[in-house]
Amino acid sequence: HVWEDQTMSTAPRSAAASILTGTTELIVFILCSFSLAGRALIMARWLIGATGALVNYGVNRKWAFAERDTPKREQGLRYGLTALGAVCLRTALFALLCRVADPRVAHVVSMSVVWASFTYPTMKRWVFAGAGDTQAA
């Protein structure tokens with residue numbers, strides 16, 4: 001069963017979870033981009049990211065990182081702080097990139113850069129510490 005297969009590294013699993021939730025976020029964002037602009041679009045980006053983070057936590061906890069020893073409350077708080085930081089970083093990068101790129105491109109680039117440089121390393125080393133891989137990301 002794919003949910004129980006522990007042979008796959010946490011990085012591809014977490015990336016797959018992020019791609020799944022990120023694709024959903026992107027579709028909703030594209031739909032919003034037809035009717036919103038400026039600050040309203042940036043606010044929509046933040047709210048979409050926050051909603052996606054909730055789904056992403058569940059998928060990462062259940063499948064990407066099989067660590068179950070840490071209480072859900074503690075792990076959820078760590079994830080919440082990480083997600084808040086990621087959403088803020090992604091939104092700030094998105095706003096900067098929108099000055100030089102199409103918002104749909106800025107959305108994808110900001111998600112990818114922040115996941116690789118902040119979200120995954122923080123989840124691996126702090127949120128789900130002890131899960132899956134023991135090597136540095």
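Two salt bridges are found when the whole of this predicted model is searched. The table lists both pairs with their N to O distances.

| Salt bridge | Distance, N to O |
|---|---|
| Arg 78 and Glu 74 | 2.7 Å |
| Arg 104 and Asp 102 | 3.1 Å |

Side chains of opposite charge can pair when their charged atoms come close. For Arg 78 and Glu 74, the setting is helix α3, which covers residues 72–97. The two residues lie 4 apart in this helix and are therefore separated by about one helical turn. Glu 74 has a relative accessibility of 35%, so this residue counts as partly exposed.

In the pair formed by Arg 104 and Asp 102, both partners have an intermediate accessibility. Arg 104 is partly exposed, at a relative accessible area of 32%, and Asp 102 is likewise partly exposed, at 33%.

The cysteines form a separate topic. The number of disulfides in the model is 0. Cys 88 is partly exposed, with a relative accessibility of 39%. Cys 98 is also partly exposed, and its relative accessible area is 28%.

Turning to the overall architecture, the protein contains 4 helices and 0 strands. Along the sequence the elements follow the pattern α-α-α-α. Of the contacts between residues at least 6 apart in sequence, 67% join residues at least 24 apart.

Burial and surface can be described for the whole protein as well. The protein has 137 residues, of which 38% are buried. Its accessible surface amounts to about 7,700 Å², and carbon and sulfur atoms account for 68% of that area.

Helix α1 can be described in further detail. This helix spans residues 10–33 and comprises 24 residues. From the first C-alpha to the last, helix α1 reaches 33 Å, which is close to the 34 Å expected at 1.5 Å a residue. The buried residues of α1 include the polar or charged Thr 10, Arg 13, Ser 14, Ser 18, Thr 21, Glu 25 and Ser 33. Also buried in α1 are Ala 15, Ala 17, Gly 22 and Phe 29.

Which helices help to cover the buried residues of α1? The cover includes α2 (38–64), α3 and α4 (103–127). Helix α3 thus appears twice in this description: as part of the cover over the buried residues of α1, and as the helix that holds Arg 78 and Glu 74.

How values were computed
Residues numbered from 1 in each chain as written. Predicted model: local features only at pLDDT ≥ 70, side-chain atom pairs only at ≥ 80, totals over all residues. Heavy atoms only, no water. Disulfide = S-S within 2.5 Å. Buried < 20%, exposed > 50% of the residue type's maximum accessible area, 1.4 Å probe, protein only. Salt bridge = Lys/Arg side-chain N within 4 Å of Asp/Glu carboxyl O. Contact = heavy atoms within 4.5 Å. Areas by Shrake-Rupley, 256 points an atom, 1.4 Å probe, with all protein chains shown as cover. Expected span 1.5 Å × (residues − 1).
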